[in-house]
Amino acid sequence: LKFVCLSNDGIDEHMVWLVGLKNIFARQLPNMPKEYIVRLVMDRSHKSVMVIRRNHVVGGITYRPYVSQRFGEIAFCAITADEQVKGYGTRLMNHLKQHARDVDGLTHFLTYADNNAVGYFIKQGFTKEIYLEKDRWHGYIKDYDGGILMECKIDPKLPYTD
Ligand code: ACO
């Protein structure tokens, strides 16, 4: 089992994984238009952290780092149906936080969570209160009425992965 973080870089193996992740999102997030999912997953300003097992994608998180503002927006998050509730979602989020802090230099995440995923995000340290100053994120992330805006502060020192 491994965790990778990459974006559309044209490398064959990475493209196969990104297409696999796009298919998981399309199935697990049926309210999202498929073209929108493809566009963001393949967009070079987005990155995806993926769980890879036996060279197959089990799930992942696609996000956009706003490096100048030091926050990231999580666009999509899903684990394939038969692998949910086994802890992969938690480990994935921990790898995301570690990468975002140590590689991108981010301090916070924002996401529009689906109603039924709010419990998962709360367990990952997200809150419905937004503490991040509005001028750091306003105008960067789009208003979206299909979810609840949630925030997570990344601990500056905590080791999130082993
Ligand atoms: N509601 C409440 N709690 C949840 C949910 C949920 N939907 N999903 C998982 N949990 C809990 C688990 O019970 C577990 O609790 P515990 O630590 O007390 O045992 C904890 O959250 C972590 O569980 P994991 O096994 O690590 O989570 P999993 O691997 O199942 O991944 C995920 C969670 C990504 C939400 C997965 O269930 C999934 O893909 N769901 C369908 C797609 C989805 O809803 N994605 C999020 C949409 S919002 C967005 O993409 C921005």
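Reader: Which atom type of the ligand does C77 meet through its backbone, and at what distance?
Author: A backbone N or O atom of C77 sits 2.7 Å from a nitrogen atom of the ligand. A polar contact here is a pair of N or O atoms within 3.5 Å; within protein, one must be able to donate a hydrogen and the other to accept it, and residues adjacent in sequence count only if both atoms are side-chain atoms.

Reader: Is this model predicted or experimental?
Author: This is a predicted model, where local features need pLDDT of at least 70, side-chain atom pairs count only at pLDDT 80 or more, and totals for chains, interfaces and linings use all residues. Residues are numbered from 1 along each chain as its sequence is written, and side-chain values use heavy atoms, with hydrogens and water left out.

Reader: Which ligand atom does T90 reach with its side chain?
Author: An oxygen atom, 2.8 Å from an N or O atom in the T90 side chain. For G89, a backbone N or O atom is 2.8 Å from an oxygen atom of the ligand.

Reader: How much of the ligand does the protein bury?
Author: The protein buries 75% of the 950 Å² that the ligand exposes when taken alone (Shrake-Rupley method, 1.4 Å probe).

Reader: How many residues surround it?
Author: 24 residues surround the ligand (a heavy atom within 4 Å). The closest are C77, V85, G87, T90 and N116.

Reader: Which element gives the largest share of that shell?
Author: β4 does, with five residues.

Reader: New topic. How many helices and strands are there?
Author: The chain has five helices and six strands (DSSP runs, numbered from the N terminus: helices H or I, at least four residues; strands E, at least two).

Reader: What does the C-alpha trace span?
Author: About 40 × 35 × 30 Å along the principal axes of the chain.
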